[in-house]
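I opened the model to look up its core, its strand pairing and its charged contacts. My entries follow in the order in which I looked.

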Amino acid sequence: MPDSPSQLEPVAGLSVCYTCMNSMRTLPGSLDSVRGLAERVVVVDSDSTDGTLEFLRDAGIQPVHRDFTNPTEQKTHAMSLAADGGWT
């Protein structure tokens with residue numbers, strides 16, 4: 001049995017969505033917990049300035065910029081970007 005998510009095969013069609021702004025304190029650990037589990041990671045960022053964007057790009061994730069409106073609209077937008085995957 002695998003000991004960590006990184007040893008799992010990604011679940012076909014599973015996308016994990018994040019909305020963030022200046023999330024370097026929490027994002028690395030959270031991404032580690034889903035890496036290898038999800039086939040795709042979608043990140044909608046609202047003008048991070050703390051290294052979040054660089055961290056994501058270094059991790060092979062291309063963040064999508066969206067000016068912040070409200071939490072519900074941010075999450076809805078992130079989920080719409082992953083809608084073609086089957087599981088979000």
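These are my notes on the core, the crossover and the salt bridge.

I am working from a predicted model, in which local features need pLDDT of at least 70, side-chain atom pairs count only at pLDDT 80 or more, and totals for chains, interfaces and linings use all residues. Residues are numbered from 1 along each chain as its sequence is written, and side-chain values use heavy atoms, with hydrogens and water left out.

I looked up the largest nonpolar core (buried Ala, Val, Leu, Ile, Met, Phe, Trp, Tyr and Cys residues joined through side-chain atoms within 4.5 Å; buried means under 20% relative accessible area, exposed over 50%, partly exposed in between, with a 1.4 Å probe and protein chains only). It has 11 residues, among them L14, Y18, L31 and V43. Its largest share, four residues, comes from β1; helices (H or I, at least four residues) and strands (E, at least two) are DSSP runs, numbered from the N terminus.

I then checked the pairing (at least two DSSP bridges between two strands) and found β1 and β2 running parallel, joined by seven bridges. The chain passes from β1 through α1 to β2 in a right-handed crossover, that is, clockwise from the first strand over the helix to the second with the strands pointing away from the viewer.

Finally, I searched the whole structure for salt bridges (a Lys or Arg side-chain nitrogen within 4 Å of an Asp or Glu carboxyl oxygen) and found one. D84 pairs with R40, their closest N and O atoms being 2.8 Å apart. D84 is exposed at 63% relative accessible area, while R40 is partly exposed at 30%.
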